[in-house]
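Welcome, and thanks for taking a look at this one with me. Below are some numbered points to follow as you turn the structure around.

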Amino acid sequence: MADINTDVLIIGGGVAGSAAAFAFSKKGYEVLLLEKSEKPQDTARGDHLQPAVCEILGKWNVLDHFFKSGAKKRAGSLWFDEDANFLMDANVSKLDIPEPYFMFMNHEDISNVFVSAANKNESFSFMCPIVSCAHIETNDDESLFEIKSKDGTITTAATKMIMIADGVASNMGRYFNFERTSFRYERALAVLFSDEYEADEFNNLRTYLTDRGIVTMIPRAKGGCKIGLTIDRDEIKSWKKMSSKDYQKFIGKLVPAYKDLKMYSAGIYPPSMIIAENWAKDNIVLIGDACHGLHPGRSQGMNTTIKCVDHLLGLIPPKDLFKKENVIKTLEQYQKEMKSNINELLEANHSMGLSMDNFDHQSKVDEIEKFKLLEQDKEAGHTYRMKSAGYGVF
Ligand SMILES: Cc1cc2nc3c(=O)[nH]c(=O)nc-3n(C[C@H](O)[C@H](O)[C@H](O)COP(=O)(O)OP(=O)(O)OC[C@H]3O[C@@H](n4cnc5c(N)ncnc54)[C@H](O)[C@@H]3O)c2cc1C
């Protein structure tokens with residue numbers, strides 16, 4: 001007899017695992033969430049949730065909890081050339097959708113909000129920090145795990161469904177022999193912070209098209225901004241040695257409007273695309289970066305995950321039929337539907353990653369033309385805004 005009997009065991013408490021833990025426990029399923037780290041999640045990562053995802057969070061009854069916890073609204077993105085000449089306003093506030101705004105919040109706070117909301121659900125349990133989580137066996141009814149906590153306590157847990165949400169390295173995915181294909185992009189994403197930046201009244205994200213690629217100023221929920229740009233992999237070493245003044249000079253050369261903005265490094269992310277061949281097998285499902293690690297340039301990682309969790313939630317058998325054999329059938333169906341649904345999004349994300357790798361002067365000229373046309377052409381502009389809001393593509 002196991003110490004804990006649960007419907008769903010979730011390994012990894014990043015945004016993917018904590019969102020799934022909230023959504024499943026809110027629906028009444030027993031959920032045990034395991035997280036190995038006590039440290040906050042990396043604050044420079046994803047902070048931007050699309051309107052379509054806000055609609056899902058509204059349906060899950062957790063959207064208000066985000067705003068009460070400090071999340072903010074952004075109307076959209078403004079596009080400029082490097083001399084700050086206006087090209088396009090990709091504002092979503094006039095779209096006929098339930099939540100016509102992007103929601104943003106510092107990355108480490110997003111999983112905390114999901115966990116604190118899940119804590120209100122009786123069927124939710126959280127173990128953090130754990131040292132290890134070892135699979136013992138899977139029989140006809142359930143899978144058995146042995147969990148070691150930091151204080152040395154050993155707990156056994158029996159579960160009908162296993163969700164692997166342990167991020168892009170996914171050691172658990174490897175353990176369960178999930179095969180993955182990967183693609184390594186040439187350019188890395190460099191992220192800087194500035195505490196001085198002041199956002200406009202709509203908290204718009206500002207993107208500048210330069211010869212080196214895009215430079216993006218992203219207002220942060222607690223003030224200041226995050227600055228994103230791509231650098232060549234062979235520049236990483238020297239980039240790491242640069243001082244705050246050097247970064248300021250570098251950005252000021254690309255976009256002179258920011259030559260006086262003080263900034264400092266927040267991290268470097270050499271992006272890869274990692275896609276699992278199978279998203280589910282037996283009673284196990286991969287979610288989040290463990291399943292599809294995407295190029296971060298289009299802000300799709302968390303957004304895609306929350307859409308996936310919502311889809312899975314809609315397919316899962318009701319509590320009284322939540323047995324391992326039914327879980328297996330549901331996961332087969334989930335994989336069939338999602339893999340095809342999401343292909344377009346994955347392909348679009350990949351081709352954007354490739355174009356960021358190959359960005360040059362001509363790409364800048366072409367992109368400037370594209371955004372000018374999008375600003376003028378009402379229908380094309382509307383389609384662009386709907387897609388950026390997360391509608392029209394899965
Ligand atoms: C610079 C940058 C900007 C981005 N911007 C956006 C954005 O605006 N919008 C967006 O949607 N996406 C964005 N993304 C992508 C997004 O941040 C990721 O897709 C998302 O955070 C992945 O979440 P995850 O939970 O799958 O993985 P992770 O965040 O990696 O979480 C995995 C968790 O599992 C834990 N873990 C690992 N192994 C174990 C184990 N054995 N037992 C227990 N726990 C374990 C880890 O400690 C970790 O907490 C961005 C990414 C970057 C790098």
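1. Let us begin with one pair of residues. Tyr208 has Val215, in β15, as its bridge partner. The two strands behind this match are β14 (residues 205-210) and β15 (residues 213-219), which pair in the antiparallel sense over five bridges. Please keep in mind as you read that this is a predicted model.

2. Now step back to the sheet around that pair. Which strands form the open sheet, and in what order? There are seven, arranged as β6-β5-β14-β15-β16-β13-β17, and their pairing is mixed. β6 (86-91) and β17 (264-269) each have a single partner strand, so these two stand at the edges with one side left without a neighbour in the sheet. From one strand to the next, the twist averages 20°.

3. A helix belongs in this picture too. Helix α10 (residues 361-376) lies across β5 (76-81), β6 and β14. Against β6, α10 runs at about 55°.

4. Next, look for empty space inside. The structure holds one cavity of 30 Å³ or more, and the space in the largest cavity comes to about 30 Å³. Its lining is made by Thr210, Arg212, Gly213, Ile214, Val215, Leu229, Thr230 and Leu254. β15 and β16 are the elements that give two or more residues to this lining, and β15 gives the most, with three. You have already met one of the lining residues, Val215, as the bridge partner of Tyr208.

5. Thr230, another lining residue of the largest cavity, deserves a closer look. Thr230 sits in strand β16. Is Thr230 buried or exposed? Its relative accessible area is 6%, which is under the 20% cut-off, so Thr230 counts as buried. Leaving out residues up to four places away in sequence, Thr230 touches Arg187, Ala188, Leu189, Arg212, Ile214 and Met356. Of these, Arg212 and Ile214 also appear in the cavity lining.

6. Follow Arg212 to a residue in a loop. Glu235 is found between β16 (225-232) and α6 (236-241), and its side chain makes a polar contact with the side chain of Arg212 at 2.7 Å. With a relative accessible area of 21%, Glu235 is partly exposed. Compare its position with that of Gln248: the two are 13 residues apart in sequence, and their C-alpha atoms are 16 Å apart in space.

7. Elsewhere there is a hairpin to look at. Strand β9 (residues 130-138) and strand β10 (residues 143-149) pair in the antiparallel sense over seven bridges. How many residues join β9 to β10 in the hairpin? The connection runs through four residues. Within the pairing, Glu137 stands opposite Leu144 in β10.

8. His135 lies in β9 as well. At 19% relative accessibility, His135 is under the 20% cut-off and therefore counts as buried. The side chain of His135 makes a polar contact with the side chain of Thr138 at 2.8 Å. A polar atom of the His135 side chain also lies 3.3 Å from the backbone oxygen of Glu137. Setting aside neighbours within four places in sequence, the contacts of His135 are Ser143, Leu144, Phe145, Tyr175 and Phe176. Among them is Leu144, the residue that Glu137 stands opposite.

9. Some backbone details are worth checking by eye. The peptide bond from Cys128 to Pro129 is cis, with omega near 0°. Pro129 belongs to the loop between β8 (124-127) and β9.

10. Finally, two residues that are not glycines have a positive phi. For Ser170 the value is about 35°, and for Asn177 it is about 60°. Where do they lie? Ser170 is in the loop between β11 (154-164) and α5 (171-175), while Asn177 is in the loop between α5 and β12 (180-184). Ser170 is buried, at 2% relative accessibility. Asn177, with a relative accessible area of 57%, is exposed.

Key:
Residues are numbered from 1 along each chain as its sequence is written. This is a predicted model: local features need pLDDT of at least 70, side-chain atom pairs count only at pLDDT 80 or more; totals for chains, interfaces and linings use all residues. Side-chain values use heavy atoms; hydrogens and water are left out. Two strands pair if DSSP finds at least two bridges between them. Axes are lines fitted to C-alpha atoms, for helices over the stretch in contact, and angles run from 0 to 180 degrees between N-to-C directions. Contact means heavy atoms within 4.5 Å. Buried means under 20% relative accessible area, exposed over 50%, partly exposed in between (1.4 Å probe, protein chains only). A polar contact is a pair of N or O atoms within 3.5 Å; within protein, one must be able to donate a hydrogen and the other to accept it, and residues adjacent in sequence count only if both atoms are side-chain atoms. On a 1 Å grid over the protein atoms alone, a cavity is a set of points where a 1.4 Å probe fits but cannot get out, and a pocket is an open set with protein on both sides within 12 Å along at least five of seven lines; lining residues have an atom within 4 Å of a point. Grid points are joined across faces, edges and corners, and a volume is the space filled by probe spheres set on the points.
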